[in-house]
Amino acid sequence: MTTRLNGLFQITGWDETAYSENDDGSKQTNAKITQNYQGDIEGTSELQYLMSYTSNGSAVFVGIETIFCSIDGKSGGFVIQHNGKFEAGVASSNFSIVPDSGKDAFVGITGTGSFTSGENGQASYTIETNT
């Protein structure tokens, strides 16, 4: 059965460290992030991004996010693999649920989704899942 999940997440922690910096302002960083989810997903997540910034401040990123949550009264967790970008102050990502990463009530979960950031560290998400 396919289910569409919608809601918001709020960044609650962001620790970003550059591991390579260039004279033109471009750089590569690692960001460790925590988030709270609300909406169809209620819970928290831990996330790490590897980011590559250009000299104009835009960036591309990849990441792994572990979500601990409840959905429709079922509790567990799963892992998401991100592929995103940051342009003109807006972050966005397309992602997929990592196969065989579901725990507890989410064993066997699959799906894909996306997010687009808003203001104040908040973003809206949509995930199409198969459980």
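**View 1. V62, a partly exposed residue in a predicted model.** Let's start with V62, which has 43% relative accessibility and so counts as partly exposed. That label fits because partly exposed covers the range between buried, under 20%, and exposed, over 50%. If you want to find V62 along the chain, look in strand β4, which runs over residues 59–71. Keep in mind that everything in these views comes from a predicted model.

**View 2. A nonpolar patch on the surface.** V62 shows up again here, this time with Y19 and L50: these residues form a nonpolar patch on the surface. Taken together, they have about 300 Å² of accessible area.

**View 3. Y37, a buried residue.** Now switch to strand β2, where Y37 is found. Y37 has a relative accessible area of 6%, so it's buried; the cut-off for that word is under 20%. Zoom out a little to bring in S70: Y37 and S70 sit 33 residues apart in sequence, and their C-alpha atoms are 9.8 Å apart in space.

**View 4. The largest pocket and its lining.** This pocket has a volume of about 300 Å³. It's lined by 20 residues, and the closest to the pocket's centre are I11, W14, F86, A91 and S117. What classes of residue make up the lining? There are 13 nonpolar residues, six polar ones and one charged one.

**View 5. Strands around the largest pocket.** Which strands each supply at least two residues of the lining? They are β1 (2–21), β2 (27–39), β3 (42–53), β8 (110–117) and β9 (122–130). You've already met β2, as the strand that holds Y37.

How values were computed
Residues numbered from 1 in each chain as written. Predicted model: local features only at pLDDT ≥ 70, side-chain atom pairs only at ≥ 80, totals over all residues. Heavy atoms only, no water. 1 Å grid on protein atoms, 1.4 Å probe; cavity = no way out; pocket = protein on both sides within 12 Å on 5 of 7 lines; lining within 4 Å. Points joined across faces, edges and corners; volume = space filled by probe spheres on them. Helix = DSSP H or I, 4+ residues; strand = E, 2+ residues; numbered from the N terminus. Nonpolar A, V, L, I, M, F, W, Y, C, P; charged D, E, K, R; others polar. Patch = residues over 30% accessible without salt bridge, like charges linked within 9 Å, V, L, I, M, F, W, Y side chains within 5 Å. Areas by Shrake-Rupley, 256 points an atom, 1.4 Å probe, with all protein chains shown as cover. Salt bridge = Lys/Arg side-chain N within 4 Å of Asp/Glu carboxyl O. Buried < 20%, exposed > 50% of the residue type's maximum accessible area, 1.4 Å probe, protein only.
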